[in-house]
Amino acid sequence: MVSVREAHFNDPDFQLEKWVDRYVADSREAGMLLALIRRIDTLAKEQQVESRNLVSRAREMVEILAPLNMDIETLQAAVLFEAVEAGLLDRDKLEELFGAGMAKLVDSVVTMNGISALKINNQSRTSEPQIDNIRRMLLAMVEDVRAVVIKLAERICSLRAVKNADEETRVLLAREIADIYAPLANRLGIGQLKWELEDISFRYLHPGTYKDIAKQLDGKRLDRETYIDNFVTQLQARLDEEQIRAKVYGRPKHIYSIWRKMKGKDLAFDKLFDVRAVRIVTERLQDCYAALGVVHTMWHHIPREFDDYVANPKPNGYQSIHTVVVGPVGKTVEIQIRTQQMHEDAELGVAAHWKYKEGANGKQSGYEEKINWLRKILQWQEDVAESGNLVEEIRSQVFEDRVYVFTPSGEVVDLPLGSTVLDFAYYIHSQVGHKCIGAKVDGRIVPFTYQVETGERIEIITSKTPNPKRDWLNPNMGYIKSSRARSKIQHWFKQQDRDKNILAGREMLETELGRHGLRLKDAQSSAVERFNVTSMDDLLAAIGGGDVRLNQVVNHIQSRLRNEPIEGAVVEDLVKKSQSKQERKSRDQVEVNGVGNLLSHIAQCCHPVPGEEIIGFITKGRGISVHREDCEQVKELMRQHPERTVDVVWGKNYSGGYRVKIRVTANDRYGLLRDLTSVLASEKSHVMAMSSSSDTKAQTATIELELELYDSDGVSRVLSKIGQIEGVFDVHRK
């Protein structure tokens, strides 16, 4: 049956001080809890929140958690969690008033709300934010198991609270708890919470069946209790005679477990073996088997109903000996035999030793406990997945592609599958990675390329000075997996080469600006802000290191400096300038307002070719730049200086070629370059320049071409033919 706790909050004679003393033995800790509850009550009244319901709920949480042997911080966090849920406190205020440690624990309980995301229909897709929330939730569960226990207690409170709600509300909550929270309590071995979660959920989901079983239990209760009392007395006397130190008593039967056995074994209520149940709790392990011998000597046992979970514990750590005997007058009795320690573990699970975790070997025992919690939580996730309420995507994205490892102090680190000890080092801190000279996994030395596995404890050995190796960046050597570690190593080497990059960047920028009649100081004011750097040296280092493209900087500076007014006779001036020998190279390339033979040039940003719609923009000292109409750069120039825009069309007699830049991305394979050049040859395209690069990790190749073509149809035809080459999945103009 569902246990009934003493939450008599409507009692007018209720005294908070006596109630706290009943649940917290230590006087100092009792005073802390009492002061906290009163403070929350005051906050609720100040913010006009219903304080009576809030404080009642907080006290109910304490009544559930205190018998689980939880520490004072857990009880305080449970009270504060209710205050946070009621909107009295936010994360910052919580940390300000109660400290970072308490805020972190309460925040972990709030993170447990991510469990609701596990209730997803099989047809639905899980979004990336949900995946991230679930991963954070699981890490919080492993990091501090107290958060899980508080959340389970809160779910029990919620189940009780909807007792008189409408059927839909009860059923929805009960289904979530039966599918997710009860299996979690079972995996963590917290029997006291597991049974209540299961029984109340069962009552809401199957009210008719619940009432039938309860009625049958009540109808035979007096006879059953008399029978069990006589059985216990007889067995206790025999154990005392054999000098076996043990305590015998009847144990309660839970309606959900009775129904599950009726359903699983297809038996009627009166045919169940364990409606009558007795438990023997011994002081020592050897007494368990001695007591078993006494039981089997006194009564005949049913062989197929014997289980030794002491020798073969359940996955959640449960240990006990189960046997069923035919007792007096031919009635079957189920007997459980366990030590006191096993009994506490079965009832309290991971909470059983919480108050003792800070002993002499606290660090090591804490680490071992977290390893066990992690395994249990992963097993619970599999239970939920098997129930059909968890899509395969969560299984793969949250677990199969991640590993969960531990620092020497027991903190959890979440890494991508395949991560090495170097990835782990860089996850801890950049300097730990830079100074790494070795690593230990569970106490043994391993190479840098060792791929860590879930549950392992990693210790990094460091030197006094950083000394990364460029080989670490080589994907073929397997030193690192994560992009996080790779970016930190690349950044370190860039910092080492910063002075060289600044000199190279300055020379490159000065040369290019000189070609356009500009000076380096012209870049000081605008380019630094545009490219999100803090100083000119940072910009020069970025140019020299290849992080910022040179033509982007030059184009930006040009666009910012084109602010002189346009004279009415500018086109006439351009006609005069175009008479020189040098300018005649572009004869009849384009016509401006019907006039040909003007100083003009094809814009390098979009490379228009004959047949495409074009537009002209009057530059400073370089004539008219000709852009495609859809060019983003000319749109920005037109927005800033609409008066400089002129209509241009292709010249009728121009027969020169146009350079077009093309980028091809394909699966890297033998013969790719041969097939590409064959297409270009068949289209009579002149290759002016070519460069290629390979990504060995992704097995892709990127080829950049500069071709000389004669019209837009030729460009389209070349792009189409290249796109048909085997393995090419992207081809476009730059």
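Is E17 buried, partly exposed or exposed? E17 is partly exposed, at a relative accessible area of 36%, where buried means under 20%, exposed over 50% and partly exposed in between, using a 1.4 Å probe and protein chains only.

Okay, quick housekeeping before I go on. This is a predicted model, so local features need pLDDT of at least 70 and side-chain atom pairs count only at pLDDT 80 or more, while totals for chains, interfaces and linings use all residues. Residues are numbered from 1 along each chain as its sequence is written, and side-chain values use heavy atoms, with hydrogens and water left out.

Right, back to E17. Its partner is R38: the two form a salt bridge with the closest N and O atoms 2.2 Å apart. By salt bridge I mean a side-chain nitrogen of Lys or Arg within 4 Å of a carboxyl oxygen of Asp or Glu. E17 sits in helix 1 (residues 16-23) and R38 in helix 2 (residues 27-46), so this pair links distant parts of the chain, 21 residues apart. Helices here are DSSP runs of H or I with at least four residues, numbered from the N terminus. R38 is partly exposed as well, at 40% relative accessible area.

How many salt bridges does the structure hold? There are 23, and I'll pick out two others.

One is R155 with E176, at 3.5 Å from N to O. R155 belongs to helix 8 and E176 to helix 9 (residues 167-187), so the bridge ties together parts 21 residues apart in sequence. Both ends are buried: R155 has 12% relative accessibility, and E176 has 13%.

The other is E196 with R160, at 2.9 Å from N to O. E196 is in helix 10 (residues 191-205) and R160 in helix 8, so here the parts tied together are 36 residues apart in sequence. E196 counts as buried at 2% relative accessibility, whereas R160 is partly exposed at 22%. And there's a network too: salt bridges with shared partners join R57, E82, K151, E154, R155 and E176.

Now for the helix packing. Two packed helices are described by the angle between their axes and the distance between the axes.

Take helix 4 (residues 72-85) and helix 6 (residues 100-111): their axes come within 9 Å and cross at roughly 60 degrees. The axes are lines fitted to C-alpha atoms over the stretch in contact, with angles from 0 to 180 degrees between N-to-C directions. That crossing makes helix 4 oblique to helix 6; under 35 degrees would be roughly parallel, over 145 roughly antiparallel, 65 to 115 roughly perpendicular, and the rest is oblique. Contact means heavy atoms within 4.5 Å, and on the helix 4 side it is made by E73, Q76, A77, L80, F81 and V84, with M102, L105, V106, V109 and V110 on helix 6. These residues divide into 9 nonpolar, 1 polar and 1 charged.

What does helix 4 do with helix 8 (residues 145-161)? Their axes come within 10 Å and cross at roughly 50 degrees, which makes helix 4 oblique to helix 8. Here E73, T74, A77, A78, F81 and E82 in helix 4 meet R146, I150 and E154 in helix 8. The split in this contact is 4 nonpolar, 1 polar and 4 charged. For the classes, Ala, Val, Leu, Ile, Met, Phe, Trp, Tyr, Cys and Pro count as nonpolar, Asp, Glu, Lys and Arg as charged, and the others, Gly among them, as polar.

Definitions and conventions: Helices (H or I, at least four residues) and strands (E, at least two) are DSSP runs, numbered from the N terminus.
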